Amino acid sequence: MTSPGESVKHRSREVKILALMVLLAVLALHVAGFAQARQDVDLIISGATVVTMNGQRDIVKDGVVVIKGDSIVAVGPRDKIESRYKGAQVIDARGRLVLPGFINGHTHVPMTLFRGLHDDVTLNDWLYKYIFPAEKKNVTEEFVRWGTRLAAAEQIRAGVTTFADMYYFEDAVAEETKTAGMRGVLGETFIDFPAPDNKSEAEMLAYSEKFLKKWQGDALIHAAVAPHSIYTCSKKTIQDAAALARKYQAPILMHVSEMKKEWEDSEKQNGMSPVQYLESIGTLAPDLVAAHCIFVDEADRKLLAERQVGCVHNPSSNMMIASGVSPVPEMRAAGIAVGLGTDGPAGSNNDLDLMEEMDLAAKLAKITKMNPLALGAKAVVEMATIDGARALHMEKEIGSLEAGKKADVILLSLDEPNAVPMYDIYAQIAYSLKGSDVETVVIGGRVVMRDRKLLTIDEPRVLEKAREYGKSVSASLGME
Ligand SMILES: [Zn+2]
């Protein structure tokens with residue numbers, strides 16, 4: 001038995017122990033709280049189905065993408081990740097699909113202003129009767145600026161965040177691309193006749209060197225060199241252009257084996273295919289981005305894979321001018337990085353919608369092989385994203401949603417009639433969704449389109465100018 005005095009003493013000791021425990025618990029919570037202090041970030045995209053295109057091709061339902069500065073800091077399930085971050089801006093993306101921005105691996109953006117100038121003619125007629133005269137009479141630096149603004153508006157609307165371009169006045173293309181907040185691999189064209197900007201190879205070299213120097217180290221613009229093709233450039237022009245590119249570690253953009261005639265002429269003149277010819281003059285290397293690659297046999301494909309050349313398939317263009325069919329399944333099987341491009345956007349495809357190219361790439365391969373398994377939905381989504389990045393040799397920077405990569409992210413609405421129901425996400429992206437389903441676009445952490453409103457481009461003004469150019473181009477060619 002204990003005396004009442006002892007019991008009181010006992011109770012007071014219990015109270016003290018309890019108080020100490022409460023104090024410890026409060027302290028522990030406080031320490032834990034500190035450990036979990038939320039990191040300040042710039043943007044959180046929250047609640048979407050995130051199609052990462054990472055190595056495992058993870059798809060995260062109810063996921064988040066966390067962005068700080070121009071890069072992604074985290075991607076994953078919302079319940080595990082979101083509480084660790086405090087976003088200055090949060091986009092509620094519930095019910096949306098989130099993907100890495102699409103990569104248009106080959107185009108000529110200022111040609112938007114020649115869109116639909118003259119179609120349904122042979123490539124030869126289109127070039128010599130219409131486009132070369134039209135370029136001679138109309139292409140100025142100002143023309144290129146407005147054409148690039150129009151193309152930027154069109155591409156952002158369709159979810160394209162990076163594009164590779166070959167044209168003239170490429171420095172003006174670069175300035176307008178940067179102003180629009182887009183990422184570009186932009187090559188000044190080398191061609192063996194006087195171009196609208198540079199009239200000789202010496203001028204082309206001088207212009208390009210200045211251009212390469214100016215954009216060194218830029219976050220969005222990768223200045224490149226673009227010898228047009230083996231059928232418009234001499235061996236010397238190609239080698240000089242490549243040497244200049246290599247001096248500045250810049251990519252080389254080129255049309256490669258895009259026409260039957262090009263292949264036949266190369267066999268006749270060089271005794272070898274265009275790909276083998278480029279190997280013989282030292283051009284095939286991991287810095288080359290080869291557009292088209294239609295006439296590439298097994299030996300060519302082996303060489304392209306060994307030299308780690310990036311290839312870009314342009315199904316609309318190849319069909320529209322009846323060039324032929326690139327052996328995409330065989331190229332992928334050989335280990336070549338094959339991206340997707342719109343080409344054009346005049347004469348060989350009249351728009352810049354890469355989602356259309358995904359759909360057509362799959363269907364063109366299927367009908368050509370008479371085999372519905374030839375190229376599937378997942379493969380073409382890869383070509384528009386991570387493989388497009390590999391083709392441009394930029395896979396460390398872009399092409400998938402992963403921590404450390406640039407924050408190029410697009411949100412697609414799933415609320416249109418063409419988007420429901422959804423059984424297979426890749427099939428939905430490749431065959432059902434359209435460029436117009438893209439709702440919000442982020443490039444390098446900057447929101448450039450929000451809820452279908454362009455934030456970096458004065459769209460009404462650009463459309464008005466494009467219509468004005470339509471009239472002046474028609475007048476310059478004596479058209480009605
Ligand atoms: Zn082209």
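Select Glu-141, Arg-145, Arg-149, Asp-171, Glu-175, Glu-176 and Lys-214 together: these residues are linked in a network of salt bridges. A salt bridge here is a side-chain nitrogen of Lys or Arg within 4 Å of a carboxyl oxygen of Asp or Glu. Keep in mind that this is a predicted model, where local features need pLDDT of at least 70 and side-chain atom pairs count only at pLDDT 80 or more, while totals for chains, interfaces and linings use all residues. Residues are numbered from 1 along each chain as its sequence is written, and side-chain values use heavy atoms, with hydrogens and water left out.

**More charged pairs**

A search of the whole structure turns up 35 salt bridges. Three of them make good stops.

Start with Asp-62 and Arg-78, whose closest N and O atoms are 2.8 Å apart in a salt bridge. Asp-62 sits in strand E2 (residues 59-68) and Arg-78 in helix H2 (residues 78-81), so this pair ties together parts that are 16 residues apart in sequence. Helix and strand names follow DSSP runs (H or I of at least four residues for helices, E of at least two for strands), numbered from the N terminus. Color by accessibility and Asp-62 comes out partly exposed at 33% relative accessibility, with Arg-78 also partly exposed at 32%. The cut-offs are under 20% relative accessible area for buried, over 50% for exposed, and partly exposed in between (1.4 Å probe, protein chains only).

Next, pick Glu-279 and Arg-307, a salt bridge with its closest N and O atoms 2.7 Å apart. Glu-279 is in helix H9 (residues 274-280), while Arg-307 is in the loop between helix H10 (298-306) and strand E12 (310-313), so the link joins parts 28 residues apart in sequence. Glu-279 is partly exposed at 25%, and Arg-307 is partly exposed at 30%.

Now jump to Arg-183 and Asp-408, where the closest N and O atoms of the salt bridge are 2.7 Å apart. Arg-183 lies in strand E8 (residues 183-190) and Asp-408 in the loop between helix H15 (386-391) and strand E14 (409-412), so the pair ties together parts that are 225 residues apart in sequence. Are these two buried or exposed? Arg-183 is buried at 1% relative accessibility, and Asp-408 is buried at 4%.

**Along strand E8**

Stay with E8 and select the whole strand. 8 of its 8 residues are buried, so E8 is largely enclosed by the rest of the structure. In a regular strand the side chains alternate between the two faces of the sheet. Select Arg-183, Val-185, Gly-187 and Thr-189 for one side of E8, then Gly-184, Leu-186, Glu-188 and Phe-190 for the other; both sets are buried, and both faces are covered.

Bring in strand E7 (residues 160-167), which pairs with E8 in the parallel sense over 6 bridges; strands count as paired if DSSP finds at least two bridges between them. For a spot to zoom in on, Ala-164 has Val-185 in E8 as its bridge partner. Trace the chain from E7 through helix H5 (residues 170-180) to E8, and you have followed a right-handed β-α-β crossover. Right-handed means that, with the strands pointing away from the viewer, the path from the first strand over the helix to the second runs clockwise.

Then add strand E9 (residues 221-227): E8 and E9 pair in the parallel sense over 7 bridges. Leu-186 stands opposite Ala-223 in E9. The chain gets from E8 to E9 through helix H6 (residues 201-215), again in a right-handed β-α-β crossover.

**Cysteines**

How many disulfides are there? The count comes to 0, taking a disulfide as a pair of cysteine sulfur atoms within 2.5 Å. Show Cys-233 and Cys-293: the sulfur of Cys-233 is 16 Å from that of Cys-293, its closest cysteine sulfur, too far for a bond. Cys-293 is in no disulfide either, with the nearest cysteine sulfur, in Cys-311, 3.4 Å away. Cys-233 is buried at 5% relative accessible area, and Cys-293 is buried at 0%.

**Out to the surface**

Finish on an exposed loop residue. Ala-322 is in the loop between helix H11 (315-320) and helix H12 (328-333), and at 64% relative accessibility Ala-322 counts as exposed. Draw a distance from its C-alpha to that of Val-309, 13 residues away along the chain, and the separation is 25 Å.
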